[in-house]
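Dear colleague,

I am passing on the structure we spoke about, and I would be grateful if you could read the notes below with it open beside you.

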Amino acid sequence: MVNEEELILAAAFREGLDLPSMCLQGWCLTCAGRVVGPGCWDQSAARRYYELDREAGFILLCTARPCSDLTIQTHQRRQMRDYRLGNGLPAPRG
Amino acid sequence: MAEKKHGSDAIVKRGDLSKRVGVEQIRKRGVNVEHLIELLIDAAGAEFTTYYYYTLLRMNLAGKEDYKEICEDARLEDRAHFELITPRIYELGGQLPADIREFADRAGCPDAFLPGYSGVKEKGVKTVQKIQEGGYKAAEILEVLLEAERCAVRTWNEVCDITFGKDPRTYDMASRILQEEIEHEAWFIELLSMERDGVSRPSGHFRRGDPGDAPYSKNRGFYNP
């Protein structure tokens, strides 16, 4: 359960989920997930997040706060990286 | 002279310059070399951009001469980290991007911007100008420095994890860098803790011998006069 004030990744850690993460500042894509179906999330804490990311449903869990129920597919770093590169957007590759 | 068959030809043939035994050996031990190269380029990008941004942050610690000196050590040591890891990228068969903009964009850690600067071009410049008129607060700069170091600690831990027991050369370099990044984090915790909260949290470290001495990554003696 994640409340609206809480970062999704922080809630996952609290519940013992060992999800990937690195910069924890919404930059490196390591924690990337993809929202399945409709949903609302606040990504304003991310250091680098594009409207195109949101349109494709990509979410950076380390800096995202939910504003509705969300179903999220985790471990989407590679997919988000490929998507960014395909759209000419910056994407750390490691 | 009759050509002798040799067991070493199995993976890298005699005279083959397209492969390196030093790379194929670590691949055989389970390292995903291509992934490692990409991770190292991202990490090198972060060290390089950090060196740049620390220059700006140091300039704006005016009047806090002790903080400036600590920032200077971290700044120069981050440059040393870039210098240490870059040759390894090429040894492994990788290379740095031809365009520095691409290099900065793929850095594994965020830009360590001046406090309040968002990176949005025109609006960002105006924001910085406005903040500069009033002067930066040292605590805000120290917080930027601290979070940059924390990202570096996570990055080099990751490199150590994926090379430990498989790629001793990269591991040794990453471990040296990690040790200095851990020290940097401790410095900025100490300074920010007292500056912002009035609480003593010593790093427990003595001074560097010379600015940016980098005892681990430059293999220098520790300051002990």
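What follows goes from chain B as a whole to its salt bridges, then to its interface with chain A, and last to some residues of chain A.

This is a predicted model, in which local features need pLDDT of at least 70 and side-chain atom pairs count only at pLDDT 80 or more, while totals for chains, interfaces and linings use all residues. Residues are numbered from 1 along each chain as its sequence is written, chains are lettered from A and ligands numbered from 1 in the order in which they are written, and side-chain values use heavy atoms, with hydrogens and water left out.

Chain B overall

Chain B has seven helices and zero strands, where helices (H or I, at least four residues) and strands (E, at least two) are DSSP runs numbered from the N terminus. The C-alpha atoms of this chain fill a box of roughly 80 × 50 × 25 Å along the principal axes. Of its 225 residues, 47% count as buried, a word that stands for under 20% relative accessible area, with exposed meaning over 50% and partly exposed in between (1.4 Å probe, protein chains only). Among contacts in chain B (heavy atoms within 4.5 Å) between residues at least 6 apart in sequence, 69% join residues at least 24 apart. The accessible surface of chain B, computed with the Shrake-Rupley method and a 1.4 Å probe, comes to about 12,400 Å², and 52% of that surface belongs to carbon and sulfur atoms.

Charges and salt bridges

Chain B carries 33 positive and 40 negative side chains, and the centres of the two sets lie 4 Å apart; Lys and Arg count as positive and Asp and Glu as negative, with His and the chain ends not counted, and each charge is placed at NZ of Lys, CZ of Arg, CG of Asp or CD of Glu. Side chains of opposite charge can pair when their charged atoms come close. Over all chains the structure holds 25 salt bridges, each being a side-chain nitrogen of Lys or Arg within 4 Å of a carboxyl oxygen of Asp or Glu.

Three of these pairs may be worth finding on your screen. B:R208 forms a salt bridge with B:E77, with the closest N and O atoms 2.5 Å apart. Because B:R208 lies in the segment after α7 (168-197) and B:E77 in helix α3 of chain B, this pair ties together parts that are 131 residues apart in sequence, and both B:R208 and B:E77 are buried.

B:R58 pairs with B:E72, the closest N and O atoms being 2.9 Å apart. This salt bridge links distant parts of the chain, since B:R58 sits in helix α2 (residues 33-59) and B:E72 in helix α3 (residues 65-91), 14 residues apart. B:R58 is buried at 17% relative accessible area, and B:E72 is buried at 12%.

Within a single helix, B:R27 forms a salt bridge with B:E24 at 3.3 Å between the closest N and O atoms, and both lie in helix α1 (residues 21-28) of chain B, three residues apart, about one turn of the helix. B:R27 counts as partly exposed at 32% relative accessibility, whereas B:E24 is buried at 14%.

The interface with chain A

On the side of chain B, 19 residues are in contact with 15 residues of chain A. The area buried between the two chains, meaning the accessible area (1.4 Å probe) that two parts lose on being put together, summed over both, is about 1,400 Å², and carbon and sulfur atoms give 54% of it. In chain B, the residues that lose the most area to chain A are B:D105, B:P110 and B:R154, together 35% of what that side buries. The rule finds zero salt bridges across this interface.

Residues of chain A

A:L61 is found in the loop between β3 (58-60) and β4 (65-66), and is buried with a relative accessible area of 3%. Apart from residues up to four places away in sequence, A:L61 touches A:L7, A:I8, A:L9, A:L19, A:C31, A:I72 and A:T74.

A:Q76 has its place in the loop between β5 (72-73) and α3 (77-86) of chain A, and is buried at 5% relative accessible area. Leaving aside neighbours within four places in sequence, A:Q76 is in contact with A:A32, A:G33, A:R34 and A:F58.

A:L24, in the loop between α1 (8-14) and β1 (32-35) of chain A, has a positive phi of about 60 degrees although it is not a glycine. A:L29, found in the loop between α1 and β1, has a positive phi near 75 degrees and is likewise a residue other than glycine. A:L24 is partly exposed at 32% relative accessibility, whereas A:L29 is buried at 1%.

With kind regards
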